[in-house]
Amino acid sequence: MSIVLFASFFLFLALGVPIAFVLIISTVAYALSIGEVSWFLIPQRIIYGVNSFTMLCLPFFVLAGNIMNQGGITQRLVNFAQAFVGHIRGGLAMVDVLVCMMFGTVSGSAVAGTAAVGSLMIPSMKKEGYDAPFTAGLTAAASTCCPVIPPSLAFVIYGAAAKVSVGDMFIAGVVPGIMMGLFMMIVVYFFAVKRNYRKMERVPMKDRLKATFSALPCLGLPAVVIGGIICGWFTPTEAAAAAVVYALVLSGLVYRTINLKGLWKALVDSAIDSGTVMLIVGGCYLFGWVISNERLTVHLTEALVAMPVSLVVKLILINMALLVVGMFMDSAPAIMLVAPILAPAMVSLGMDPVQVGMIICINLVIGLGTPPVGVCLYSATNIAKCSFGETIKSSLPFTCACMLALLLITYVPFVTRIPFILLGK
């Protein structure tokens with residue numbers, strides 16, 4: 001009967017039905033096909049999915065990011081990045097990448113990163129002579145670093161779905177996120193030299209220190225979250241609540257850049273964003289119940305283990321499949337759907353659960369910057385006012401840089417272990 005499940009899933013997805021309702025409707029179709037399911041089970045599974053202490057940290061992280069975004073921290077991050085790399089050839093484009101990376105430590109959302117950073121950096125780059133498609137493609141790809149560098153909403157969702165420590169996922173995501181950003185900056189330098197993009201004047205040390213002092217409190221948010229988790233001061237959910245308090249104090253008392261109107265907008269936006277994700281989570285848990293009932297996880301594990309190829313080839317096939325999924329689905333529902341099925345199968349191959357989480361999450365967040373459903377591409381194209389096709393073409397080199405980082409994460413487990421080694425874990 002799993003044929004009914006997946007046939008209805010892809011049918012309603014193709015018709016443009018919102019993903020949360022696609023999950024619920026396809027499960028209802030499955031229940032009708034077998035005719036032996038209590039209808040009370042459907043709302044019970046949805047409620048069970050969202051009734052999770054771990055998932056409680058998601059709306060808190062969303063709220064913290066929205067408060068800091070309303071508090072105007074993006075300009076401070078731009079000034080900080082510009083002070084240190086603006087004088088390099090293509091420095092303004094490198095600032096774009098760096099700000100996306102730093103914005104990830106505040107927001108953890110790729111779409112928010114594209115909107116916030118793109119609205120500030122894309123017009124600035126165009127003014128300095130950068131091609132509009134180049135600015136859009138770069139920003140769309142660079143914003144995919146946001147859900148990788150902790151605190152990350154993607155890691156929260158994966159931790160809840162695969163029963164893996166969210167704190168460990170945060171720690172492991174530091175090096176992969178930095179690696180993705182550095183690889184993109186190398187590509188930026190190549191294009192800057194080739195196209196003779198301008199470089200800015202070197203900033204005096206006095207101004208560098210001033211920019212650093214102004215931006216340092218913004219960068220304290222990940223230190224509070226990750227440091228508190230490592231030191232055992234609080235759980236990931238409590239860390240998320242602490243992040244909200246930190247964001248309120250910073251934006252309201254230190255910078256004094258947020259008023260009651262801005263705070264209300266942050267609350268409303270967070271409620272809408274969190275409610276959307278939570279409905280998807282509930283639908284995914286309902287969908288996952290069917291997958292468990294059909295023993296698809298067991299069948300997939302057996303198929304992977306029995307496949308007469310090496311682990312290297314198996315991982316290539318898994319990465320390719322995940323990239324395709326990411327092209328057609330948003331990362332949050334994709335992680336919720338894929339993780340319970342694929343994570344146990346990959347662990348059965350002898351892989352570390354945290355490394356598996358990195359592979360799954362990074363594959364799916366890269367999809368946010370790839371066609372045909374890459375929301376970051378659409379957002380950046382709208383800001384840059386260029387054609388969607390030109391944005392896709394310009395984003396490809398930067399997406400390839402992210403995929404290079406993904407290959408290293410996949411085949412060199414040491415990459416995700418570096419922070420744990422430094423912490424003595």
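Which residues does M346 touch, not counting residues up to four places away in sequence? In this predicted model, the list runs to L315, I318, M351, V356, I359 and I360. M346 also turns up in a bigger picture, the largest nonpolar core, which takes in 147 residues. Along with F61, Y158, M184, I360 and F398, M346 is among the residues with the most contacts inside that core. The top contributor here is helix α18, spanning residues 331-347, which supplies 12 residues. As a general backdrop, nonpolar side chains in soluble globular proteins tend to be buried together.

Next comes the empty space. The largest pocket holds about 900 Å³. Its lining is made up of 40 residues, and S109, V111, V277, D330 and A332 sit closest to the pocket centre. Several helices chip in with two or more lining residues: α4 (57-70), α7 (110-127), α9 (153-162), α15 (260-293), α17 (311-328) and α18. Helix α18 therefore shows up twice, as a contributor to the core and to the pocket lining. Sorted by class, the lining comes to 24 nonpolar, 12 polar and 4 charged residues.Finally, there is H87, which lies in the loop between α5 (73-85) and α6 (91-104). Is H87 buried or exposed? H87 counts as buried because its relative accessibility is 18%, below the 20% cut-off. Leaving aside neighbours within four places in sequence, H87 is in contact with K199, M200, E201, R202 and R208. With one of these, R202, H87 also makes a side-chain polar contact of 3.4 Å.

Technical notes. Residues numbered from 1 in each chain as written. Predicted model: local features only at pLDDT ≥ 70, side-chain atom pairs only at ≥ 80, totals over all residues. Heavy atoms only, no water. Core = buried A, V, L, I, M, F, W, Y, C linked by side-chain atoms within 4.5 Å. Buried < 20%, exposed > 50% of the residue type's maximum accessible area, 1.4 Å probe, protein only. Helix = DSSP H or I, 4+ residues; strand = E, 2+ residues; numbered from the N terminus. Contact = heavy atoms within 4.5 Å. 1 Å grid on protein atoms, 1.4 Å probe; cavity = no way out; pocket = protein on both sides within 12 Å on 5 of 7 lines; lining within 4 Å. Points joined across faces, edges and corners; volume = space filled by probe spheres on them. Nonpolar A, V, L, I, M, F, W, Y, C, P; charged D, E, K, R; others polar. Polar contact = N/O pair within 3.5 Å; in protein donor to acceptor, adjacent residues only side chain to side chain.
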